[in-house]
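Biologist: Before the discussion begins, please show me the sequence and the structure. I should like to ask on what grounds each descriptive term is applied.

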Amino acid sequence: MTRPIIALFAGLFGFAAYVAVVVALADFVLDLHWVLQLAYFLVAGIAWAPAARRLMFWGASVNR
């Protein structure tokens, strides 16, 4: 029962930290060409998904 709770708090803290870093780096990207901005925001918008997927599967797994 503790694994889902650990995954919950790790996910919340990790996602908040990820958003803070992405927003801080976005200030530097806004002065670049629109194609580079598009690439940055596409990668930043999708990059968190594999880590969240791994965390969800880890939290839902059962050790026997």
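The exchange below takes the terms one at a time.

Modeller: This is a predicted model, in which local features need pLDDT of at least 70 and side-chain atom pairs count only at pLDDT 80 or more, while totals for chains, interfaces and linings use all residues. Residues are numbered from 1 along each chain as its sequence is written, and side-chain values use heavy atoms, with hydrogens and water left out.

Biologist: What makes up the pattern of the protein chain, read along the sequence?

Modeller: The pattern is α-α-α, with three helices and zero strands. Helices (H or I, at least four residues) and strands (E, at least two) are DSSP runs, numbered from the N terminus.

Biologist: How do you know how the radius of gyration of the protein chain stands against that of a compact globule of 64 residues?

Modeller: The globule would have a radius of gyration near 11 Å, but the protein chain has 15 Å. The radius is taken over C-alpha atoms, and the globule rule is 2.2 Å times the number of residues to the power 0.38. Along the principal axes, the C-alpha atoms fill a box of roughly 50 × 15 × 10 Å.

Biologist: Why are helix 1 and helix 3 called roughly parallel or roughly antiparallel?

Modeller: Helix 1 (residues 2–29) and helix 3 (residues 48–60) pack at about 165°, with axes 9 Å apart. Axes are lines fitted to C-alpha atoms, for helices over the stretch in contact, and angles run from 0 to 180 degrees between N-to-C directions. Angles under 35 degrees count as roughly parallel, over 145 as roughly antiparallel, 65 to 115 as roughly perpendicular and the rest as oblique. Helix 1 and helix 3 are therefore roughly antiparallel.

Biologist: Which residues of helix 1 and helix 3 meet, and how do they divide by class?

Modeller: R3, P4, I6, A7, A10, G11, F15 and Y18 in helix 1 meet W48, L55, W58 and G59 in helix 3; contact means heavy atoms within 4.5 Å. The residues of this contact comprise nine nonpolar, two polar and one charged. Ala, Val, Leu, Ile, Met, Phe, Trp, Tyr, Cys and Pro count as nonpolar, Asp, Glu, Lys and Arg as charged, and the others, Gly among them, as polar.

Biologist: What makes L55 buried, partly exposed or exposed?

Modeller: Buried means under 20% relative accessible area, exposed over 50%, and partly exposed in between (1.4 Å probe, protein chains only). L55 has 23%, so L55 is partly exposed. L55 lies in helix 3 and touches A7, A10 and G11, leaving aside residues up to four places away in sequence. A10, in helix 1, is partly exposed because its relative accessibility is 37%. Buried residues form 12% of the 64 residues in the protein chain.

Biologist: Why is helix 2 called roughly parallel or roughly antiparallel to helix 3?

Modeller: The axes of helix 2 (residues 34–46) and helix 3 cross at roughly 5° and come within 5 Å. Helix 2 is therefore roughly parallel to helix 3. A44, G45 and I46 in helix 2 meet W48, A49 and P50 in helix 3. This contact has five nonpolar, one polar and no charged residues.

Biologist: How do you know the relative direction of helix 1 and helix 2?

Modeller: Their packing angle is about 175°, with the axes 11 Å apart. Helix 1 and helix 2 are therefore roughly antiparallel to each other.
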